[in-house]
Amino acid sequence: VGPKIFQYVVKVIAQAVQLLYTMLRIDRPSYILLQNPPGLPSIAVAWLVCLVRRSKLIIDWHNYGYTIMSLIHGRNHPLVQIAKWYEKLFGRLSDYNLCVTSAMKEDLWKKCNIKAITLYDKPASYFKETPLELQHQLYMKLAKVYEPFKAHTESVNSSAERSAFTEMDHKNRCVTKARGRPALLISSTSWTEDEDFSVLLKALEDYEEFINEGIKLPSLVCVITGKGPLKEYYNQLIDKLRFKHIQICTPWLEAEDYPLLLGSADLGVCLHKSSSGLDLPMKVVDMFGCCLPVCAIHFDCLHELVKHNENGLIFRDSNELAEQLKLLFLDFPTLEGKLENFRRNLRASKQLRWDESWDQTVLPLFGQNE
């Protein structure tokens, strides 16, 4: 109840008290590792606990909280300015700092006089290409709930179990990819203001028009996973679209199914626009772990992750994305096109996994300062 500013202040105070109470009750830690954002009130509380308990504070900078707030309130809003001052002040009180890009490392030093170590996000080990048998099991499971995963054509083999993408011969249990299958495009989102999905929807309209004009392109199944505040708004826009060659579904996947679907897809699309221009989308990191090529919307430091024309493509608007979809799917599903070339490059890159990256970059930090 009451004005928004009153609600916000009460919420911050309540969270600060709860967090302080909890952290003072646990065994004394040597280090407290805090991911920011969210940093209000957690940075101040963690610093206070470190002061009282003689622990060391490590802040893992994934973005700036005040830039995320500015998406809703505007950069000049008093709350945003207070959050900016708070973040810089308490950020300087940490003992060690990690950040997710070289651009953020430079920004932290220039604007806040904070020295940080760049620790790029890496995929967990379970993000990998999905074997065909597991793909089929996943598709059959999803087909029970979502229409785009169901087979819509008859199989020559009457004993085959079929999804839209695969079929399994019951006699020998052999799984093959279905003839004339659609391409599977996937995007994941938290449905917030920093991702404009109208860009993808407009590109899909253009893609449909390409097919209507006679260009030989596959049908598309577009899966947009996740949940968040703007999901209902975009679902209403999707319901108004009348596609013949494109099907869109917006499922909330079980945790174990998400990496399997990434590892089964043909192309990923990322619409994350960094509020600060200094962080990188974790969804692309996970897609690359599955050797899934990506089309990603441009922002300043994206090149630290997506190498244009090497492991994916970078676009600036819906027209450019539509042209990229046409370019990548012209040769589908052959193994000779640009899409497969990107996948081969991702396989050859042999990326570090999260635990290996941590051991190489962060573990020495603890050893030096014992």
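**Figure 1. Arginine 181 is buried in this predicted model.** Its relative accessible area is 12%, so arginine 181 falls under the 20% limit for a buried residue. Aspartate 266 is its salt-bridge partner, with the closest N and O atoms 3.4 Å apart. The pair links distant parts of the chain, 85 residues apart. Arginine 181 sits in the loop between strands S7 (175–177) and S8. Aspartate 266 sits in the loop between helix H9 (257–262) and strand S11 (267–270). Aspartate 266 is buried too, with a relative accessible area of 7%.

**Figure 2. Glutamate 129 and arginine 347 join in a salt bridge.** The N to O distance is 2.9 Å. This pair also links distant parts of the chain, with the two positions 218 residues apart. Glutamate 129 belongs to the loop between strand S4 (117–118) and helix H6 (132–143). Arginine 347 belongs to helix H12 (residues 338–349). Glutamate 129 has a relative accessible area of 31% and is partly exposed. Arginine 347, at 40%, is partly exposed as well.

**Figure 3. A salt bridge within helix H12 pairs glutamate 340 with arginine 343.** Their side chains meet at 3.6 Å, N to O. The two residues are 3 positions apart, about one turn of the helix. Glutamate 340 is buried at 16% relative accessible area. Arginine 343 is buried at 6%.

**Figure 4. Glutamate 195 is buried in a loop.** The loop runs between strand S8 (183–188) and helix H7 (198–212). Relative accessibility here is 3%, so glutamate 195 counts as buried. Leaving out residues up to four places away in sequence, glutamate 195 touches Ser188, Thr189, Ser190, Tyr234, Leu271, His272 and Lys283. Lysine 141 lies 54 residues from glutamate 195 in sequence and 29 Å away in space, C-alpha to C-alpha.

**Figure 5. Lys141, Glu254 and Asp257 form a salt-bridge network.** The structure holds 12 salt bridges. Across the protein, the mean positions of the 44 positive and 44 negative charges are 4 Å apart.

**Figure 6. A nonpolar patch on the surface includes isoleucine 5.** Its members are Ile5, Phe6, Val9, Val10, Ile13 and Val17. Together they have about 530 Å² of accessible area. Isoleucine 5 lies in helix H1 (residues 4–25). At 47% relative accessibility, isoleucine 5 is partly exposed. For the protein as a whole, the exposed area is about 19100 Å², and carbon and sulfur atoms supply 54% of it.

How values were computed. Residues numbered from 1 in each chain as written. Predicted model: local features only at pLDDT ≥ 70, side-chain atom pairs only at ≥ 80, totals over all residues. Heavy atoms only, no water. Areas by Shrake-Rupley, 256 points an atom, 1.4 Å probe, with all protein chains shown as cover. Lys, Arg positive; Asp, Glu negative; His and termini not counted. Charge placed at Lys NZ, Arg CZ, Asp CG, Glu CD. Patch = residues over 30% accessible without salt bridge, like charges linked within 9 Å, V, L, I, M, F, W, Y side chains within 5 Å. Salt bridge = Lys/Arg side-chain N within 4 Å of Asp/Glu carboxyl O. Helix = DSSP H or I, 4+ residues; strand = E, 2+ residues; numbered from the N terminus. Buried < 20%, exposed > 50% of the residue type's maximum accessible area, 1.4 Å probe, protein only. Contact = heavy atoms within 4.5 Å.
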